[in-house]
Amino acid sequence: MNAITLNNVTKTYAKGTVLAVDDVSLTVSEGEIFGLIGPDGAGKSTIFRLLTTLLLPDKGTGTVGGLDMVNDFKAIRGIVGYMPGKFSLYQDLTVEENLNFFATVFNTTVEENYNLIKDIYVQIEPFKDRRAGKLSGGMKQKLALCCALIHKPKVLFLDEPTTGVDVVSRKEFWEMLKRLKKQGITILVSTSYMDEATMCDRIGLILNGKVLSVASPEETIDAYPEKLYAVKADSIYHLLLDLRKYDKVINCYTFGEYLHMSMTGTEQEVKDYLQTKNHNNVEMKAIRPTVEDCFIRLLKQENDSRSSNKDK
Ligand code: ADP
């Protein structure tokens, strides 16, 4: 069974003037870790708020755990855990008090579901008497996850849980998600960190309220249709300008110490062209795209189609 479905869901704000979610359809299977990957303003949080029944859609339907997201909103609230993007805990309550509070709201006790949060909670237990507002970013995030889990939800919604968290804590966090998945919990997680995409079973790339591609990270990468190269030379800035002018280059952008370039021509043709532009120490190698390259490609495609629509 699908743990989550969205069927042609649209949501606008400000009396219909801001289109936040644009005719989105997707399904998440039971026990899957599904990542919504996209930049700020793409519509990720709105999808979370719709599925956790905090907002009503303008159009379309959706289900969580087989329950209708509009008609069965009360039942849905009992079976989901939600960690919103903004810090959701009570800053003036201690770690322990926050956890007890969330357990009580859901008619349960910390003891009842302790096994589910144990791995995470032991890391913050030494600080159980500290107020939540005084915790570090990584610890806040762990406490928020414990609070979202304390009633043993079937489906966990994590909206940008790792934003502003250091690399080590981010890694640990994803390890925790994998353990939760093993316990049968379905996880919908959003992130703007492209490297986290590879930790998901499937990812949906989202931009301007539209889900543009849904597949496993591997399939997303395999579907990259052009040849991709990493290129560098002594003057990387001039190299970028020259490559962008070359008609066989489809896209070229900086990526770490290299440029990433997709093109229709051959390696030799590009090298010959760069020689005519007097570039020195040109290094060029074919590479396998990352999810970020796939995303950049979609972004360009969207921008190109928007500007061609404007020209019409
Ligand atoms: P993301 O989570 O990907 O950053 P959001 O769902 O928060 O995206 O936002 C999608 C779009 O909707 C953005 O253009 C944002 O500015 C707009 N938006 C979000 N919330 C509101 C709101 N309460 N009122 C008006 N516009 C909003």
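Which residue of S5 is the bridge partner of Val64? It's Leu67, and the close-up of the S4 and S5 hairpin below is the place to look for the pair. Everything here comes from a predicted model.

**Figure 1. The whole chain, before we zoom in.** The predicted chain has 10 helices and 14 strands. Along the principal axes, its C-alpha atoms fill a box of roughly 75 × 45 × 35 Å. The domain assignment splits the chain into domain 1, covering 2-221, and domain 2, covering 225-288. Go from the C-alpha centre of domain 1 to that of domain 2 and you cover 40 Å. Of the 312 residues, 38% count as buried. Take the contacts between residues at least 6 apart in sequence: 70% of them join residues at least 24 apart.

**Figure 2. Close-up of the residues around the ligand.** Start with Tyr13, Ala14, Val18 and Ala20, which are among the residues around the ligand. The rest of the shell is Gly38, Asp40, Gly41, Ala42, Gly43, Lys44, Ser45 and Thr46. Strand S2 (18-29) and helix H1 (44-51) are the elements that give two or more residues to this shell. H1 has the largest share, with three residues. Sorted by class, the shell holds five nonpolar, five polar and two charged residues.

**Figure 3. Close-up of an open sheet of four strands.** Read across the sheet and the strand order is S2-S1-S4-S5, with antiparallel pairing. S2 and S5 (67-68) are the edge strands, and each has a single partner strand, so one side of each is left without a neighbour in the sheet. Further in, S1 (residues 2-13) pairs with S4 in the antiparallel sense, over five bridges. For a landmark, find Thr5, which stands opposite Thr63 in S4.

**Figure 4. Close-up of the S4 and S5 hairpin.** Here's the pair from the opening question: Val64 has Leu67 in S5 as its bridge partner. S4 (residues 59-64) and S5 run antiparallel and are joined by two bridges. Two residues sit between the strands of this hairpin, and Gly65 takes a positive phi near 55 degrees.

**Figure 5. Close-up of Asn8 and Asp23, with their backbone angles.** Asn8 lies in strand S1. Its phi is near 50 degrees, a positive value in a residue other than glycine. Is Asn8 buried or partly exposed? Asn8 has 13 other C-beta atoms within 10 Å, so it counts as partly exposed. Now find Asp23, which is in strand S2. Asp23 also isn't a glycine, yet its phi is positive, near 55 degrees. With 15 C-beta neighbours inside 10 Å, Asp23 is partly exposed.

**Figure 6. Close-up of the largest nonpolar core.** In soluble globular proteins, nonpolar side chains tend to be buried together. In this model, the largest nonpolar core has 67 residues. Which of them touch the most other members? They're Ile37, Leu143, Cys146, Cys147, Phe157 and Ile187. Helix H5 (residues 137-149) gives the most to this core, with seven residues. Beyond this core there's a second, separate one of 12 residues, including Leu228, Leu239, Met263 and Val270.

**Figure 7. Close-up of Ile37 and its contacts.** Ile37 is one of the core residues that touch the most other members. Set aside its neighbours within four places in sequence, and Ile37 is in contact with Thr191, Met194 and Ala197, among others. Its list of contacts also includes Ile203, Gly204, Leu205 and Ile206. Val291 and Phe295 are on that list too.

**Figure 8. Close-up of the S12 and S13 hairpin.** S12 (residues 249-255) pairs with S13 (residues 258-263) over six bridges, in the antiparallel sense. To get your bearings, find Cys252, whose bridge partner in S13 is Met261. This hairpin has two residues between the strands, and Gly256 takes a positive phi near 60 degrees.

Definitions and conventions: Residues are numbered from 1 along each chain as its sequence is written. This is a predicted model: local features need pLDDT of at least 70, side-chain atom pairs count only at pLDDT 80 or more; totals for chains, interfaces and linings use all residues. A residue is near a molecule or strand if its C-beta atom, placed from the backbone, lies within 6 Å of it. Ala, Val, Leu, Ile, Met, Phe, Trp, Tyr, Cys and Pro count as nonpolar, Asp, Glu, Lys and Arg as charged, and the others, Gly among them, as polar. Two strands pair if DSSP finds at least two bridges between them. A nonpolar core is a set of buried Ala, Val, Leu, Ile, Met, Phe, Trp, Tyr and Cys residues joined through C-beta atoms within 7 Å. A residue is buried if 20 or more other C-beta atoms lie within 10 Å of its own, exposed if 12 or fewer, and partly exposed in between; C-beta atoms are placed from the backbone. Two residues are in contact if their C-beta atoms, placed from the backbone, lie within 7 Å. Domain bounds come from an automatic or database domain assignment.
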